[in-house]
Amino acid sequence: MKINTQLVHVGVGSDAKTGAITTPIYQSATFRHPALGQSTGFDYSRTQNPTRKVLEEAIAVLEGGSDGFAFASGMAAITAVLMLFKTDDHIVVVEDCYGGTYRILDKVFTNFGLKVSFVDATCLDEIENSLTPSTRCILIETPTNPLMKIVDIRAIVKMAKKKDIYVVVDNTFLTPYLQRPLELGADLVVHSATKYLAGHNDVICGLVVSRNKQLGERIRFIQNSTGGILGPNDSWLLIRGMKTLALRMDKHCQNAQALAEWLQKQEQVETVYYPGLPQHPGKHIQEQQATGYGGMLSFTVRDSRLAPHILKRVKLLQFAESLGGVESLITFPAVQTHADIPPEVRNRLGITDCLLRVSVGIEDIDDIIADFEQAFAD
Ligand SMILES: *Cc1c(COP(=O)(O)O)cnc(C)c1O
């Protein structure tokens with residue numbers, strides 16, 4: 001089946017007992033044992049819950065992996081992956097990663113002796129040079145956040161495989177509808193499913209998918225041991241959101257492309273960062289590893305005074321953090337999402353007070369552009 005059909009049919013037919021079309025919400029903490037030493041497959045909902053199981057099996061299929069795991073947030077999912085490692089292990093991470101990923105590495109996991117190098121992952125030499133005999137993992141996002149750099153997943157996999165290093169891809173921005181890193185050789189995929197997969201800005205959730213059963217068993221053990229699971233109601237909301245992912249992603253991509261092209265014609269705009277623009281340095285790699293450019297873009301204004309002006313003036317666009325929902329959102333990465341990255345690093349990366357990031361929603365593109373038009377005006 002094609003992925004858009006798979007998405008629509010997530011959980012359909014999952015309840016043989018009643019034939020319910022949608023996945024029932026099993027709001028039960030515990031399950032009766034049929035007899036001594038027997039189990040229905042469900043004993044206690046931290047370990048496994050029937051609603052969560054439908055979701056976990058679905059994301060494993062969608063990403064082309066062996067096992068899926070649902071967590072209470074994207075950060076809980078990333079935490080579970082980082083718990084694969086131990087004191088003195090070294091991991092390499094894209095430098096313009098999600099702010100929360102930077103923070104958990106810099107302020108939490110370093111307390112447990114995990115060593116981290118932040119690199120420009122578009123520069124393969126820089127990654128190669130950062131590897132040490134203790135490197136266990138390369139954690140990448142592509143496109144990166146907020147500068148939309150494209151990281152070559154196949155090239156990184158090739159480098160890592162020679163040295164037995166795991167490649168973990170945060171696939172939040174593109175989702176399996178546009179990019180399937182496990183098929184390109186990655187070992188683990190993580191998601192903030194809060195974003196495009198759920199798609200409606202109404203639930204916080206995270207997912208992990210493993211390439212093979214062996215890695216899956218390790219994540220399962222960590223998930224059950226640490227307990228940051230997604231509850232049955234939120235699992236249901238995520239399943240519900242995922243059914244329309246294909247339609248939404250197509251529209252997000254179409255609107256983002258049109259907005260990027262419009263923004264780049266505006267006099268007050270200096271640079272537009274969107275991988276679908278012909279001059280984007282990562283466009284070619286993007287086309288080899290994904291089937292679309294996504295719904296996220298960033299741009300810089302020539303005069304830093306214009307950024308707060310736009311944030312104040314937008315009416316349709318909401319000035320809010322997060323991304324991937326049906327509504328268009330605009331944010332100011334230097335102050336909002338990336339405040340935990342030290343100012344000197346932010347400036348070097350280009351996350352300045354002239355940079356705005358847009359999560360382009362699925363409204364009519366004319367209305368999105370009209371809102372920008374009036375917000376740019378004096
Ligand atoms: C939002 C986000 C996260 C964190 O996910 P939460 O669901 O907010 O915990 C991780 N990675 C990326 C790329 C994100 O956008």
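1. E95 sits in the loop that runs between β2 (90-94) and α4 (99-108). This is a predicted model, and in it E95 has a relative accessibility of 6%, so the residue counts as buried. The side chain of E95 makes a polar contact of 3.2 Å with that of R348. Beyond four places in sequence, the contacts of E95 are F118, V119, D120, K149, I341, R348 and L349.

2. T144 lies in the loop between β4 (135-141) and α6 (153-161). Its relative accessibility is 2%, which is under the 20% cut-off, so T144 is classed as buried. A polar contact of 2.7 Å links the T144 side chain to the side chain of D96. With neighbours within four places in sequence set aside, T144 contacts D96, K149, V151 and F173. K149 thus appears in the contact list of T144 and also in that of E95.

3. Two cis peptide bonds deserve a look. The bond from T142 to P143 is cis, with omega near -5°, and the bond from N145 to P146 is cis, with omega near 10°. P143 belongs to the loop between β4 and α6, and P146 is placed in the loop between β4 and α6 as well. Most peptide bonds are trans.

4. Backbone phi should be checked at D88 and S322. D88, which is not a glycine, has a positive phi of about 75°; S322, also not a glycine, has a positive phi of about 80°. Most residues other than glycine have a negative phi. D88 is in the loop between α3 (74-82) and β2, and its relative accessible area of 45% makes it partly exposed. S322 is in the loop between β10 (318-319) and β11 (329-331) and, at 23% relative accessibility, is likewise partly exposed.

5. I204 occupies the loop between β6 (188-192) and β7 (206-210). At 51% relative accessibility, I204 counts as exposed, the cut-off being over 50%. In sequence, I204 and A72 are 132 residues apart, while their C-alpha atoms are 6.6 Å apart in space. Apart from residues up to four places away, I204 touches A72, S73, T194, L230 and D234.

6. V358 is part of strand β12 (residues 355-359). With a relative accessible area of 0%, V358 is buried. Its contacts outside four places in sequence are L259, G295, M296, L297, F299, L317, L329, I330 and F372. V358 and C205 are separated by 153 residues in sequence and by 21 Å in space, C-alpha to C-alpha.

7. On the overall fold, the chain contains 14 helices and twelve strands. Its radius of gyration is 21 Å, close to the 21 Å that the globule rule gives for 378 residues, so the chain is as compact as a globular protein of that length. The C-alpha trace spans about 75 × 50 × 35 Å along its principal axes. Of the contacts with a separation of 6 or more, 71% are between residues 24 or more positions apart.

8. As to burial and surface, 55% of the 378 residues are buried. The exposed area of the chain is about 16200 Å², with carbon and sulfur atoms supplying 53% of it. The chain carries 37 positive and 42 negative charges, and the mean positions of the two sets are 5 Å apart.

Notes:
Residues are numbered from 1 along each chain as its sequence is written. This is a predicted model: local features need pLDDT of at least 70, side-chain atom pairs count only at pLDDT 80 or more; totals for chains, interfaces and linings use all residues. Side-chain values use heavy atoms; hydrogens and water are left out. Helices (H or I, at least four residues) and strands (E, at least two) are DSSP runs, numbered from the N terminus. Buried means under 20% relative accessible area, exposed over 50%, partly exposed in between (1.4 Å probe, protein chains only). A polar contact is a pair of N or O atoms within 3.5 Å; within protein, one must be able to donate a hydrogen and the other to accept it, and residues adjacent in sequence count only if both atoms are side-chain atoms. Contact means heavy atoms within 4.5 Å. The radius of gyration is taken over C-alpha atoms; the globule rule is 2.2 Å times the number of residues to the power 0.38. Accessible areas come from the Shrake-Rupley method with a 1.4 Å probe; for residues, only the protein chains shown count as cover. Lys and Arg count as positive and Asp and Glu as negative; His and the chain ends are not counted. The place of a charge is taken as NZ of Lys, CZ of Arg, CG of Asp or CD of Glu.
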